[in-house]
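Me: I am new to this structure and would like a close look at a single part of it, with the surroundings explained step by step. Please take your time over the answer.

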Amino acid sequence: LQGNSLAARDVASFIHPYTNLATHLDKGPLVIERGQGVFVYDDTGRDYLEGMAGLWCASLGFSEPELVEAAIRQMRALPFYHTFTGKGHEPSILLAEKLKAMMPFPASKVFFANSGSEANDTQVKLAWYVMNARGEPRRKKIISRNKAYHGVTVAAASLTGLPNNHRDFDLPIANILHTDCPHHYRFAEAGETEEAFASRLADSLEAMILREGPETIAAFIAEPVMGAGGVLTPPATYFEKVQKVLSKYGILLIDDEVICGFGRTANMFAAETYGITPNSMSVAKALSSAYMPISAVVVDQQMFDGMVEESRKIGTFGHGYTYSGHPVAAAVALRTLELYEERNILGHVRDVTPHFQKRLRGFADHPLVGEVRGVGLLGAIELVADKKSKRSFAPDKGVGTAAVARALDHGLIVRGIADSIAFCPPLIITQAEIDLMFDRFAMALSDIEAWVAK
Ligand code: PLP
């Protein structure tokens, strides 16, 4: 790392999230300078096709001038005001109205936060708040799933079902439980159909509820497609069966659409893709095409009535962030949602999805590929040591990490989740860019094949 380079200054001063802090000291960062469409450029001018839309979020790509304009306009009009103690401003009101109208379930009201993690922390608190209103204060437990990703703040990290987010942090907190991960390829028994697997998981969920006592369970939270856990699409009939169990015991269903929302699965929300009718939904990321940090929790009438009732009893609703509904973030999000409609982004996603899925699934026959899975413009390729037995590579071999590094060499940014490689490009990606993305990945995979054979 040279003298006064940005990389050297980074290493001297900056703590990176989700980074091996020890190896980073020698390596330094990849410094990204600008973006254009689905590409980003480093400080040497090299282009990378952003196959992950950043972190599953920059749906309109990296250079949308309309969003820049929306931010500037709002900065000039009112750069900040808060929404505590009954204050309001136009951008947050219009955004709440718009979001509510878009929801695929009977939505009542919208609460704003700044990140997916904050939205899901809010979900935990709202579930508790509403259960107090119902006169069922013992209903404190929230059921999440192994391999779920719901964020990293203390409650959200507890909902997350990945060891790395718990180990060292004394998590999960009390009252957070994890049920089975619905990954058919990894967890189904030999010969078990998707439907039979889904039934077994729903039975296992019901057994957990009965074991714990239904009167102690407030809510169940799920991503329709589990993103950071490996892009795990649910087995057929899974949500239908899970919802039957939840409604039998009066348990709230929280739908975390932080990745899946706003067209990613080729419907505006994945609730439509999988027939989910939640009591509340978390959204973030593509809500603003990631141009400003903003997230939202959208609740149904039953939940909002509970919140009002509890507030009537105790006074002030004791939750909220300085930047809840921040006017600049709200203005950018509102413009984002308008652009989705004006440009028929959903229509575009539906047009290019078959090509994306065909190219993705084209890797299924590769000797190193165990499973290819995906929906809409979301997908993953799982690399295995033995295709027949599904045996994974030894974790310390770092095959996923190596594949991500080789992809970068070939001008492609993807994400490794153990040995699964995730694809989640900006929704504006064209058919030609989809080809370029998978052509670059094919070169990386050839490199890995040669490396593994050595
Ligand atoms: N929920 C899901 C499904 C996510 O994928 C993420 C982030 O990737 C989060 C929540 C947390 O969002 P944030 O990183 O904005 O806190």
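Which residues does C57 touch, not counting residues up to four places away in sequence?

Reply: This is a predicted model, and what follows should be read with that in mind. Leaving out residues up to four places away in sequence, C57 touches K285, A286 and A290. C57 itself is found in helix 3, and C57 is buried because 21 other C-beta atoms lie within 10 Å, where 20 or more are needed for a residue to count as buried. To give a sense of distance along the chain and through space, C57 and G191 are 134 residues apart in sequence, and their C-alpha atoms are 37 Å apart.

Helix 3, which spans 53–57, also has a part in the surroundings of the ligand, since helix 3 and helix 6 (116–133) each supply at least two residues of the shell around the ligand. In total, 16 residues surround the ligand, and the closest are S115, G116, S117, G151 and V258. Helix 6 gives the largest share of this shell, with three residues. Sorted by character, the shell consists of seven nonpolar residues, seven polar ones and two charged ones.

From the ligand we can turn to the nonpolar interior. In soluble globular proteins, nonpolar side chains tend to be buried together. Here the largest nonpolar core has 134 residues, among which A296 and A333 touch the most other members. Helix 13 (residues 327–342) contributes the largest share of this core, namely nine residues. Because domain 1 (31–63 + 344–453) and domain 2 (67–342) both give residues to the core, it lies between them. As for A333, its contacts, leaving aside neighbours within four places in sequence, are L95, L287, S288, M292 and I294.

A last element worth following is helix 15, which covers residues 399–409 and in which V399, G400, A403, R406 and A407 are buried. These buried residues lie on the same side of helix 15, because they cover an arc of only 125° around the axis. The elements that cover them include strand 12 (378–383), strand 13 (412–413), strand 14 (415–417), strand 15 (420–423) and helix 16 (431–453). Just after helix 15, G411 takes a positive phi of about 85°.

Methods:
Residues are numbered from 1 along each chain as its sequence is written. This is a predicted model: local features need pLDDT of at least 70, side-chain atom pairs count only at pLDDT 80 or more; totals for chains, interfaces and linings use all residues. A residue is near a molecule or strand if its C-beta atom, placed from the backbone, lies within 6 Å of it. Helices (H or I, at least four residues) and strands (E, at least two) are DSSP runs, numbered from the N terminus. Ala, Val, Leu, Ile, Met, Phe, Trp, Tyr, Cys and Pro count as nonpolar, Asp, Glu, Lys and Arg as charged, and the others, Gly among them, as polar. A residue is buried if 20 or more other C-beta atoms lie within 10 Å of its own, exposed if 12 or fewer, and partly exposed in between; C-beta atoms are placed from the backbone. The arc is that of the directions from the helix axis to the C-beta atoms. Two residues are in contact if their C-beta atoms, placed from the backbone, lie within 7 Å. A nonpolar core is a set of buried Ala, Val, Leu, Ile, Met, Phe, Trp, Tyr and Cys residues joined through C-beta atoms within 7 Å. Domain bounds come from an automatic or database domain assignment.
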